[in-house]
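Student: I should like a close look at a single part of this model, followed outward to the contacts around it. Please take one partly exposed acidic residue as the point of departure and explain how it is held.

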Amino acid sequence: MDLTICILGLLALFVDGIRCQGVYAPPTVRIVHSGHACNVEEERHTERVYTIREGETLELACLVTGHPRPQIRWTKTAGSVSDRFQDSSVFNETLHIAKIQRTQGGRYYCKAENGLGSPAIKSIRVDVYYLDDPVVTVHQSIGEAKEQFYYERTVFLRCVANSNPPVRYSWHRGREVLSQGSDKGVEIYEPFFTQGETKILKLKNLRPQDYANYSCIASVRNVCGIPDRSVIFRLTNKTASPSIKLLVEDPIVVNPGQTVSLVCITTGGEPTPILNWVSSNDSLPRTSVVKGGTLTLPAITSDEAGIYSCVASNNVGNPAKKSTTIVVRALKKGRFWITPDPYHNDDNIQIGREVKISCQVEATPPEELTFSWLKNGRALRSSERMVITQTDPDISPGTTNLDIIDLKFTDFGTYTCVAALKGRGIPEISIDVNISSTTVPPNLTVPRGKSPLVAREGETVELECLVSGKPKPIILWSRADKEAPMPDGSVQMESYDGVLRIVNVSREMTGSYRCQTSQYNGFNVKPREAVVELIVQYPPTVEPVYMETRQGLGRPVVMTCRVLRAHPSRVLRFEWLLSNRLLHAGAFADQRDETEYTIRSLSRDGWGEYTCNVINEAGAGKCTFQVTGKAYSPEFYYDTYSPLWQNRPRVYGFKLQWTQMNPNAVDRIVAYRLGIRQTGLQRWWEQEIPVEGTISKGELITHNLTELIKPESYEVRLTPITRFGEGDSTIRIVTYSAPINPHLREFHCSFEEEPICMFTQDKNDDFDWTRHSAATRDTKYTPNTGPSGDRSGSKQGFYMYIETSRPRKEGDQARLVSPFFNVAPKNPYGITNPPAYCYGFFYHMYGKHIDLRESRGRGLANKVERRVTRAGSEHRDTHDTLLLLASSSCSAHLEGIRKLPST
């Protein structure tokens with residue numbers, strides 16, 4: 001369709017200070033695309049689908065209307081079947097993802113809300129297309145070949161490629177295209193359980209001609225411009241699966257700090273296998289070095305111990321894998337315990353009875369662990385009265401026992417347990433245990449006055465349990481409430497002196513703490529325990545912590561401060577202050593948790609910061625109220641239709657519109673201070689805009705900005721003024737956009753260029769017009785749709801096109817809006833008869849479900865809405881014209897409609 005508009009004259013009239021009512025509106029939202037889209041399907045499974053090639057740039061714009069200006073949030077779900085919002089979100093109007101990856105496909109939501117009505121949400125599903133290089137693997141029907149493929153064996157060549165959309169495969173042998181039935185010795189099929197994911201080439205009873213180069217070509221049919229990918233596999237009578245050998249021992253036991261080298265070699269396989277090393281620790285150590293089949297681990301540590309595997313693959317049969325275990329020697333955590341005579345249930349050591357000393361360490365490897373015992377520094381050997389045993393490693397690993405039978409005074413002394421590893425290089429661990437008449441089991445008490453322990457929030461406290469006995473055991477601290485964690489977040493904390501120190505104690509730490517003896521480094525008897533009660537006092541928690549109250553002069557103000565919690569909760573008192581001047585003080589009555597202060601009639605002296613202090617023994621909580629007469633900020637109106645105009649070569653004008661947030665909350669607004677500065681500059685130019693009368697909520701205020709220099713952008717700041725003074729400011733950016741043929745008397749468009757002459761799709765219609773040509777039309781899907789050429793008959797020429805078949809519904813509209821024409825005479829106020837447009841276009845229409853209307857324009861003296869032709873009629877290459885009278889700058893609309901009900 002060609003469109004020609006002949007401009008005969010245009011009247012432009014701008015009125016300063018125009019106000020309208022009720023422009024507040026809930027949000028509407030629409031998603032439009034740019035970037036590198038392959039295809040956008042407006043309807044597919046009731047959702048919009050945006051197709052893009054992996055690595056390209058995704059750009060989605062969220063176009064919103066509504067006042068106040070809606071806040072935008074982009075969210076994404078992992079796939080089209082999930083409707084739950086994920087954590088990832090973006091708060092810009094435009095969602096921009098450079099080099100998009102396949103994992104970033106899914107449904108994207110744009111959510112707009114401005115506090116009016118329900119949030120507006122639109123979604124579009126992004127489908128990322130990709131094609132990876134195919135991989136050919138070779139298998140045999142009867143096991144995997146050990147050496148080579150014999151002539152009588154059947155061979156399967158499997159081709160797999162990751163892709164979206166599903167891939168199509170084709171096979172070649174040399175230059176010969178293989179297809180099902182083309183060769184009796186060849187069968188091509190897809191396994192049922194991997195339909196569409198793989199293609200298998202079956203070579204039945206290998207023949208000499210079957211030894212050749214096989215090519216697998218993977219294709220997604222050039223969708224999104226993705227080229228086909230291929231891989232070649234050479235099948236010979238020597239083709240065989242890989243085999244390897246490790247030139248190391250298993251296991252390998254080393255000391256920390258040593259350098260370990262693992263060598264893996266291939267012993268068979270055609271093509272030559274590729275070697276890789278993997279570790280049971282998810283990944284190889286950061287310092288490791290792989291060169292060929294050799295893995296080197298310099299200065300190995302205990303954390304790097306584990307299973308290391310060499311894996312060989314050549315896409316023939318199954319990969320070969322050989323593993324070895326690296327063990328790093330270590331000795332740690334030496335501890336002991338004393339067990340009195342177990343046969344008499346004693347808690348004390350007694351002469352003439354048995355006593356057992358146990359010693360335990362953690363050793364790696366455990367089979368290298370050795371123990372020796374000393375008494376007073378001299379070696380001790382096992383005898384009838386001094387029995388040395390080593391506990392079964394499956395029951396209590398790394399443990400040795402010294403049983404003293406029939407204890408005598410001569411047995412008193414210091415016994416030393418020495419743990420060592422057979423391999424050299426690891427330091428020994430020595431543990432001394434004293435056995436004497438003063439060796440007694442532990443006793444645990446809480447010092448007088450230490451429970452309950454009262455502290456204030458933020459202090460450092462020490463919970464103390466006195467432990468007696470010899471040797472002194474380790475003390476274990478835990479919460480009596482097993483669900484509550486210790487201050488460091490753990491379940492249990494150790495103390496060697498019986499003191500638990502808590503820094504910066506908080507109210508959550510209030511409760512009972514249990515101290516108990518550990519069996520280690522002490523007597524192996526029933527644990528002794530005690531309980532310490534901790535009470536943490538804290539100042540009152542109040543609300544609101546801060547509140548701003550805006551009010552006009554002569555009106556009442558009520559401020560309420562509420563106590564949420566406090567400890568101790570008794571003896572609560574309050575005081576109200578203005579700045580530092582005391583206004584009122586008192587105590588809380590029983591069952592009361594709030595205090596109130598009222599200003600009956602606000603005066604100028606009443607503006608300021610009010611503070612309510614609520615006080616207990618631990619301190620004070622503070623409510624702060626800022627009482628002010630500041631006006632709320634203006635709300636810029638962004639939905640002004642064509643706000644920019646220009647009637648002079650070097651300057652342009654802009655229609656600035658806004659509403660006032662909560663205008664009745666404070667005194668009447670008497671003026672606005674307007675500041676404007678060119679973007680990037682520092683200096684502001686300011687002027688005052690007087691306001692007559694009272695502003696209503698939702699009232700639209702207009703002020704025209706003039707003498708703006710082309711093509712600069714400007715920062716505009718607007719501040720309301722009341723008797724109090726200046727209120728809150730708000731800022732927006734005014735951006736220049738170039739007009740379409742502003743000085744020409746004729747405007748011509750044939751839609752040959754992608755921008756379509758600055759025509760736009762209406763935001764409020766049901767579907768969009770599409771730029772087509774007969775050469776680019778897909779006859780497979782639309783064989784009978786659209787003209788065979790443009791107005792001149794060229795198949796390469798473009799036109800704007802709509803399709804009203806399914807899924808379009810009755811009454812659906814597609815509206816195309818012309819540019820806004822801004823051609824004004826020098827003296828617009830002196831013209832009494834509005835000038836006219838001569839508006840003409842060519843159209844082609846066929847089918848019983850389409851209806852065409854023309855030119856419901858804006859800024860027209862004659863508000864035209866004319867039906868060009870009715871549904872069911874046929875019009876091919878028809879021309880129509882219309883005379884439009886313009887009272888101001890205007891635009892024209894073309895509206896295509898799915899067949900309407902008869903009226």
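Tutor: In this predicted model, Glu726 has a relative accessible area of 42% and is therefore partly exposed, since that class lies between the limits of 20% and 50%. Its side chain forms a salt bridge with Arg673, in which the closest N and O atoms are 2.1 Å apart. This contact links distant parts of the chain: Glu726 belongs to the loop between strand 60 (714-721) and strand 61 (730-734), whereas Arg673 lies in strand 57, 53 residues away.

Arg673 has a further acidic partner. A salt bridge also joins Arg673 to Glu688, with 2.8 Å between the closest N and O atoms. Here strand 57 (residues 671-678), which carries Arg673, is linked to strand 58 (residues 685-690), which carries Glu688, and the two residues are 15 apart in the chain. Glu688 has a relative accessibility of 46% and so counts as partly exposed.

These contacts belong to a wider set, for a search of the whole structure finds 30 salt bridges. Another of them joins the side chains of Asp133 and Arg229, at 3.1 Å from N to O. That pair, too, links distant parts of the chain: Asp133 is in the loop between strand 11 (120-131) and strand 12 (135-140), and Arg229 is in strand 20 (residues 229-234), 96 residues apart. Arg229 counts as partly exposed because its relative accessibility is 30%. Elsewhere, a network of salt bridges connects Arg173, Glu176, Asp183, Arg207 and Asp210.

The strand that holds Arg229 can be placed in its sheet. Strand 20 belongs to an open, antiparallel sheet of four strands, arranged in the order 16-15-19-20. Strand 16 (176-178) and strand 20 each have a single partner strand and stand at the edges, so one side of each lacks a neighbour in the sheet. On average, and with direction ignored, neighbouring strands in this sheet are turned by 30° against each other. Strand 20 pairs with strand 19 (residues 213-219) through six bridges in the antiparallel sense. Within that pairing, Ile217 has Ser230 of strand 20 as its bridge partner.

Aromatic contacts also join separate parts of the chain. The search of the whole structure finds nine aromatic pairs. In one of them, the ring centres of Trp337 and Tyr520 are 5.5 Å apart and the planes stand at 70°, so the arrangement is edge-to-face. Trp337 lies in strand 29 (residues 330-340) and Tyr520 in the loop between strand 44 (511-517) and strand 45 (522-523), with 183 residues separating them. Trp337 is buried, at a relative accessible area of 9%, whereas Tyr520 counts as partly exposed at 25%. In another pair, Tyr652 and Tyr736 have ring centres 4.9 Å apart and planes at 50°, so this pair is tilted. Tyr652 is in strand 56 (residues 651-660), and Tyr736 is in the loop between strand 61 and strand 62 (746-749), 84 residues apart. Tyr652 is buried at 2% relative accessibility, and Tyr736 is buried at 16%. Trp576, Tyr597, Tyr610 and Phe625 are joined by ring pairs into a cluster.

Arginine side chains also meet aromatic rings. The charged end of Arg69 sits over the ring of Tyr638, 4.3 Å from its centre. Arg550 lies over the face of Tyr632, with 4.3 Å to the ring centre.

Note on methods: Residues numbered from 1 in each chain as written. Predicted model: local features only at pLDDT ≥ 70, side-chain atom pairs only at ≥ 80, totals over all residues. Heavy atoms only, no water. Salt bridge = Lys/Arg side-chain N within 4 Å of Asp/Glu carboxyl O. Buried < 20%, exposed > 50% of the residue type's maximum accessible area, 1.4 Å probe, protein only. Phe/Tyr/Trp six-rings, centres within 6.5 Å; stacked < 30°, edge-to-face > 60°. Lys NZ or Arg CZ within 6 Å of the ring centre and 35° of its normal. Pairing = 2+ DSSP bridges. Axes fitted to C-alpha atoms, helices over the stretch in contact; angles between N-to-C directions.
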